[in-house]
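This report describes the fold and the strand pairing of one protein chain, moving from the chain as a whole to individual residue pairs. Please view the structure below alongside the text.

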Amino acid sequence: MAAPVPDTAGVDGGVGLTALMVAAARAVETGRPDALARDEYAGHFVRAAPACAGWPIRPEEVPDGEADPLWGRLGRYFGLRTRAFDDHLLESAEAGIRQVILLGAGLDSRAYRLPWPHGSAVFEIDQEPVLAFKQRTLDTLGTTPRATRVTIAADLRLDTWPDALTTAGFDPARPTAWVAEGLFLYLPSAAERRVLAAVSAHSAAGSTLVYEVKRGVETAAVRDSPVYTAARDRIGVDLLGLFDPDPRPDSAADLTRHGWQTRTRTPFDFSHRLGRGPRPEPHDALAANRWTFAVHRPEATTVTPGP
């Protein structure tokens, strides 16, 4: 998922490069024999962006494999996150949800690659340059989505996006699956709270939500992690510079007060469950990452215990 502020040239530099970095990681993951997730579209986005010339899109293009801090460890993390969020969405679809909202959709291709039930609609919200780049690339492939796909050009830091979403055909009276994958890391804490308040206000009972945050303050040793330095020095993505420095809100507690049942997990929980993916290491840049899964149950306000 892209952060919400690409540069004016589209997807090229600054925060825009994060969308391509994640796409390259998904492309590499797709080629692994033990792939956590498969995205046949990801490599096309990378090759369509001149800024990414020379980036790998296949496992054999990463000489050190999973030992590579960027395309190995961090790349495998993105594959794991994609798999966990995919599974959550498919479980929501199995429960009868037919509306999916991708907040900060970036180069997400879920509308095309997941087996959506008949009648499903995927709404993608991001800024116009990212959506335009994405559409141009998809047009060259002659592919069609597996659900009704609706794109909405909007800035999630502003309060106008819910109206734009409703105008585009979203029905807040029906249960919805919301996704904020790699979004809140870049938003100011106040904007994170506003987005989640808007999600709550537009969620019927039974709606679901999954999102990613970082918890706590990372030490100097963690900030010197090879994951961060490799991204900065090799492809020009300064993640630490892009992460918002504000103290983070306790969004899971806020959601609980608004009638959501939440459970928060570490990425390593899923590595253990699936038998592959990144494992904890000293001074780990992934250790503060948390994924929260929530279901809107207005009649209940207790936190759901984990499995």
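Two strands are taken to pair if DSSP finds at least two bridges between them. The model discussed here is predicted.

## Strand pairing around β7

Strand β7, which spans residues 289-296, is mostly covered, with seven of its eight residues counted as buried. Strand β5 (residues 208-214) runs antiparallel to β7 and is joined to it by seven bridges, and Tyr211 stands opposite Thr292 of β7.

Strand β7 also pairs with β6 (residues 260-265), again in the antiparallel sense, over six bridges. Here Arg263 has Phe293 in β7 as its bridge partner.

## Overall fold and dimensions

The protein chain contains 12 helices and seven strands, and its C-alpha atoms fill a box of roughly 50 × 45 × 35 Å along the principal axes. Because a compact globule of 307 residues would have a radius of gyration near 19 Å, the 18 Å found for the protein chain agrees with that expectation.

Among contacts in the protein chain with a separation of 6 or more, 78% come from residues 24 or more positions apart.

## Burial, surface and charge

Of the 307 residues in the protein chain, 58% count as buried, while the area that the chain exposes is about 12,400 Å², of which carbon and sulfur atoms supply 53%.

The charged side chains of the protein chain comprise 34 positive and 39 negative ones, and the centres of these two sets lie 4 Å apart.

Note on methods:
Residues numbered from 1 in each chain as written. Predicted model: local features only at pLDDT ≥ 70, side-chain atom pairs only at ≥ 80, totals over all residues. Heavy atoms only, no water. Helix = DSSP H or I, 4+ residues; strand = E, 2+ residues; numbered from the N terminus. Rg over C-alpha atoms; globule rule 2.2 N^0.38 Å. Buried < 20%, exposed > 50% of the residue type's maximum accessible area, 1.4 Å probe, protein only. Contact = heavy atoms within 4.5 Å. Areas by Shrake-Rupley, 256 points an atom, 1.4 Å probe, with all protein chains shown as cover. Lys, Arg positive; Asp, Glu negative; His and termini not counted. Charge placed at Lys NZ, Arg CZ, Asp CG, Glu CD.
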